[in-house]
Amino acid sequence: MIKILSAQQIRALDAYTIQHEPISSIDLMERACRAFVGWFTERFDETQKVAIVCGTGNNGGDGLGIARLLKMWGYPVSVLLIRGGTDTEDFKTNLERLKGKVEVIEIASTDSDLFSRYDIVIDAIFGSGLSRPAEGIQAAIIQQMNQADVIRIAVDIPSGLQTDKLSQGEIFKADFTISFQLPKLAFFLPANHASVGEWCLVDIGLSKAFIKEISSSHFYLTSKYIRRILKPRSKFDHKGTYGHALLIAGSYGKIGAAVLSGRALLHAGVGLLTLHIPQCGYSIVQTSLIEAMVDVDAHEHFLTTLPSLDKYTTVGVGPGLGQDALTIKAFGKLLEDFRKPMVIDADGLNILSANRELLRTVSPGSILTPHPKEFERLVGKWSDDFDRLEKQKALAKQLKSVVVLKGAYTSIASPDGMVYFNSTGNPGMATGGTGDVLTGILTGLLAQGYSSVDAAVTGVYLHGLAGDLAAREKGMISLIASDVIDFLPAAFKKAMA
Ligand SMILES: NC(=O)C1=CN([C@@H]2O[C@H](COP(=O)(O)OP(=O)(O)OC[C@H]3O[C@@H](n4cnc5c(N)ncnc54)[C@H](O)[C@@H]3O)[C@@H](O)[C@H]2O)[C@@H](O)CC1
Ligand SMILES: [K+]
């Protein structure tokens, strides 16, 4: 798991590394430059004409160091320098080191076309030291960089983008962002995608001890962390060890949702599965999920009654349920009677939004899995992505439950204020039924005794990983929800290897 630190914490981490490794600040900068150049030279050859646009802070210092190293590698490089503000010591040192090696063009206006003769533009105007929106000459140059027909690469973070708060004004639109050691919170928020582009981390040897000690409430999930959570099976386990899940899903026309959830639940390793479905789904579920047991509702088309709940370890509820008045009543009774953690999705969430008094009865430790529209119905509109994140944390705290907000970087908020951003998944998964699959996986993990947070984090990760493996084979466009289930066994194997 990678900690996501604030701009202030990153500054403290740099300072700690310099003091305790110890390493001089300029040598640390040189390491950062080398790491960037290592990434760069693997992707682009020496025929590419490169412009590096530098400010006068340490991000600009990085840009100057990168220019010197790229020149050594044989790339045609120019530095475009924007004066203003105070020059940092390391900036000054790197400018001195550049003398006679690389052309440095000081730019004071944007009258001329600055970028048409380049193939690649590297942005080193502002890094994590940005303290206010870019304006004046910096803003005008960022705008021109964004309009140029070039490949755009940001050093550490796109200029104009705030590390950990709402950004305003002109922001560099990177195709690639090469970030030093740790990702920034801004990278995970949908509105910033056009600025950050594809991002990757390069290791610059910042103090591991400091990172371990410093507290953070935001994390980026890694395969190593998931491997630590997943429990291998032991010799004397039996099906009772892995729980008995009840899945309440499906209505007339949406029995597929129950089948998808049920299949995923079985592949997630549950001991026993019973589906509670309306009568119209009986033959479909019995024939398509032969490993599962079926309990039939009193109604032909939708949920109106509940089975006896005592024997179930957990419940997954919501996919394809519909919102008939009788269904709402049965759902309300389920929340009242089943007091263990459960997974609530889709129409379960819509019923909660429309019948807010039910929110009080959500069993603590439950996992709610809204997509953005369902989330908006639950919490109302948000002003920006940071506000959305705060609303997600607040809901998790209010319900003492885990709130999984689905999206490109699905975020998982725990009741104690932590947020985990997922690292797996792809746009091929933006297709009907993948949410039902996630509900099944999460229910299956809860049934096996994983804590709610562990189940949510692991389930979301595995769901995305199965989607990635499926996309590798089938391509993103043709990918369907059943493919994600088909690759779930491979995802478990890979995650546990
Ligand atoms: N030793 C270190 O601290 C290291 C720092 N590194 C680089 O240093 C960067 C941070 O450098 P700095 O803290 O010097 O800051 P930046 O280079 O990000 O910004 C330069 C300065 O501009 C001023 N400024 C902020 N917003 C402005 C605005 N909108 N308009 C005009 N001026 C503005 C601030 O005074 C700021 O210090 C990182 O992003 C990374 O690229 C790396 O070299 C790794 C090591
Ligand atoms: K930058």
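## Surroundings of ligand 1

A residue is taken to be near a molecule if its C-beta atom, placed from the backbone, lies within 6 Å of that molecule. In this predicted model, 27 residues surround ligand 1, and the closest of them are G57, N58, N59, G127 and G129. Sorted by class, the shell around ligand 1 consists of 10 nonpolar, 13 polar and four charged residues.

Two helices can be named as contributors, since α2, which covers residues 25–43, and α3, which covers residues 58–72, each supply at least two residues of the shell around ligand 1.

## Overall build of the chain

The secondary structure of the chain amounts to 18 helices and 18 strands, and its C-alpha atoms fill a box of roughly 85 × 50 × 40 Å when this is taken along the principal axes. Of the 497 residues in the chain, 52% are buried. Among the contacts that join residues at least 6 apart in sequence, 72% link residues at least 24 apart.

R117 offers an example from the exposed part of the chain: this residue lies in the loop between β4 (103–106) and β5 (120–124), and it is exposed because 11 other C-beta atoms are within 10 Å, where a count of 12 or fewer is the criterion. The C-alpha atoms of R117 and L260, which are 143 residues apart along the chain, are separated by 54 Å.

## Two domains and their contact

The domain assignment divides the chain into domain 1, residues 2–215, and domain 2, residues 223–496. The centres of the two domains, taken over C-alpha atoms, are separated by 41 Å. Where the domains meet, six residues of domain 1 are in contact with seven residues of domain 2, and the side of domain 1 that touches domain 2 is made up of five nonpolar, no polar and one charged residues.

The UniProt record, in an unreviewed entry, places the feature "domain: YjeF C-terminal" at residues 222–495. Over residues 222–495 the chain is 45% helix and 12% strand, with the C-alpha atoms at the two ends 10 Å apart.

## The stretch around F219

F219 belongs to strand β9, which runs over residues 218–220. With 18 C-beta neighbours inside 10 Å, F219 counts as partly exposed, because its count falls between the limit of 12 or fewer for exposed residues and that of 20 or more for buried ones.

Apart from its neighbours within four places in sequence, F219 is in contact with M1, I2, K3 and I4, and also with M418, Y420 and F421. By contrast, H244 is 25 residues from F219 along the chain, and the C-alpha atoms of these two residues are separated by 31 Å.

## The largest nonpolar core

In soluble globular proteins, nonpolar side chains tend to be buried together. The largest nonpolar core of this model has 155 residues, of which I52, V53, I122 and A456 touch the most other members. Helix α16, spanning residues 452–474, gives the most to this core, with 12 residues. Because domain 1 (2–215) and domain 2 (223–496) both give residues to the core, it lies between them.

A456, one of the members that touch the most others, is in contact with I367, V402, V404, I412 and L442 once its neighbours within four places in sequence are left aside.

## Annotated binding-site residues

According to the UniProt record, again an unreviewed entry, the annotation "binding site" covers K406, G407, A408, Y409, T410 and G435. These residues span 30 residues in sequence, yet no two of their C-alpha atoms are more than 14.4 Å apart, so they gather at one spot.

K406 is located in the loop between β16 (402–405) and β17 (411–413), and Y409 is also found in the loop between β16 and β17. K406 counts as buried because 24 C-beta neighbours lie inside 10 Å, and Y409 is likewise buried, with 21 other C-beta atoms within 10 Å. Beyond the neighbours within four places in sequence, K406 is in contact with T369, P370, H371 and G435, whereas Y409 is in contact with F188, F421 and N422. G435, which carries the "binding site" annotation, is thus in contact with another annotated residue, K406, while F421 appears among the contacts of Y409 and among those of F219.

Notes:
Residues numbered from 1 in each chain as written. Chains lettered and ligands numbered in written order. Predicted model: local features only at pLDDT ≥ 70, side-chain atom pairs only at ≥ 80, totals over all residues. UniProt positions renumbered as here; feature names shortened; annotations may be inferred. Helix = DSSP H or I, 4+ residues; strand = E, 2+ residues; numbered from the N terminus. Contact = placed C-beta atoms within 7 Å. Nonpolar A, V, L, I, M, F, W, Y, C, P; charged D, E, K, R; others polar. Domains from an automatic or database assignment. Core = buried A, V, L, I, M, F, W, Y, C linked by C-beta atoms within 7 Å.
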